[in-house]
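Me: Walk me through this structure, please. I will ask about a helix face, some ring pairs and one strand residue.

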Amino acid sequence: MGIFSILERALLRFVVTRHKLGFSQFGEEKLVGKLLGKMGVKDIYYLDIGTNDPVYNNNTYLFYCRGHKGVCVEANPDLARKIQKLRPRDICLNVGACGDDTEAEKTFFLLSSNVLSSFSAEFMPSENDSVREISIKMTSVDKIITEACEKEPNFISIDAVSYTHLTLPTSDLV
């Protein structure tokens, strides 16, 4: 990692923590942070399903900048490597999250616009966008929590195109 990258990340963290800026698309993490604070949660441990970019439009990067950590789940292998590089305190899994115990591989449709990549062909925008198909291992949310999380997350972010039916964990979390 170059000196510019290190300085850029340090400056970004300083600005974020001092000026209470956010990174998510609509400031969701600021609302979640306030709610968790009112509940007395001081140590935020997150599970971020569909992390996408580790910084921009990200629902957990603000917490990371404030010293918290968690597990990031990202099916796109290029983005998973980027998460591992930029967020070394986090555990990053390059898998797809599913609601059952089926550990099959599934086709993941990678688009040039990463935010629209999906496991569902019906969500592909048009023939004009370049689509690359790859095979990704699926893992249940329960298994991710029990095997990858250091402790039960007190914040779960699910930002996954086409997975509005994703079954939440069966643990006492929810």
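Reply: Contact here means heavy atoms within 4.5 Å. Helices (H or I, at least four residues) and strands (E, at least two) are DSSP runs, numbered from the N terminus. This is a predicted model: local features need pLDDT of at least 70, side-chain atom pairs count only at pLDDT 80 or more, and totals for chains, interfaces and linings use all residues. Residues are numbered from 1 along each chain as its sequence is written, and side-chain values use heavy atoms, with hydrogens and water left out.

Me: What covers the buried residues of α2?
Reply: Buried means under 20% relative accessible area, exposed over 50%, and partly exposed in between (1.4 Å probe, protein chains only). In α2 the buried residues are Glu 29, Val 32 and Leu 36. They fall within an arc of 60° seen down the helix axis, so they line one face of α2; the arc is that of the directions from the helix axis to the C-beta atoms. The cover over these buried residues includes α3 and β7.

Me: Which residues are exposed on the other side of α2?
Reply: Turn to the side away from the buried residues. The exposed residues there are Leu 31, Lys 34 and Lys 38.

Me: How many aromatic pairs are there?
Reply: Rings of Phe, Tyr and Trp (its six-membered ring) pair if their centres lie within 6.5 Å; planes under 30 degrees apart count as stacked, over 60 as edge-to-face and the rest as tilted. By this rule, the count is four.

Me: In the pair of Phe 23 and Tyr 61, how many residues apart are the partners?
Reply: The rings of Phe 23 and Tyr 61 meet edge-to-face, 4.7 Å centre to centre with 80° between the planes. Phe 23 sits in the loop between α1 (3-19) and α2 (28-38), and Tyr 61 in helix α3 (residues 61-65). Phe 23 is buried at 11% relative accessible area, and Tyr 61 is buried at 1%. The separation along the chain is 38 residues.

Me: Which strand does the pair of Phe 63 and Phe 155 link to helix α3?
Reply: Phe 63 and Phe 155 are edge-to-face, 5.7 Å centre to centre and 75° between the planes. Phe 63 lies in helix α3, 92 residues from Phe 155, whose strand is β7 (residues 155-158).

Me: Is Thr 139 buried or exposed?
Reply: Thr 139 belongs to strand β6 (residues 131-140). Beyond its neighbours within four places in sequence, its contacts include Val 95, Cys 98 and Ile 144. At 7% relative accessibility, Thr 139 counts as buried.
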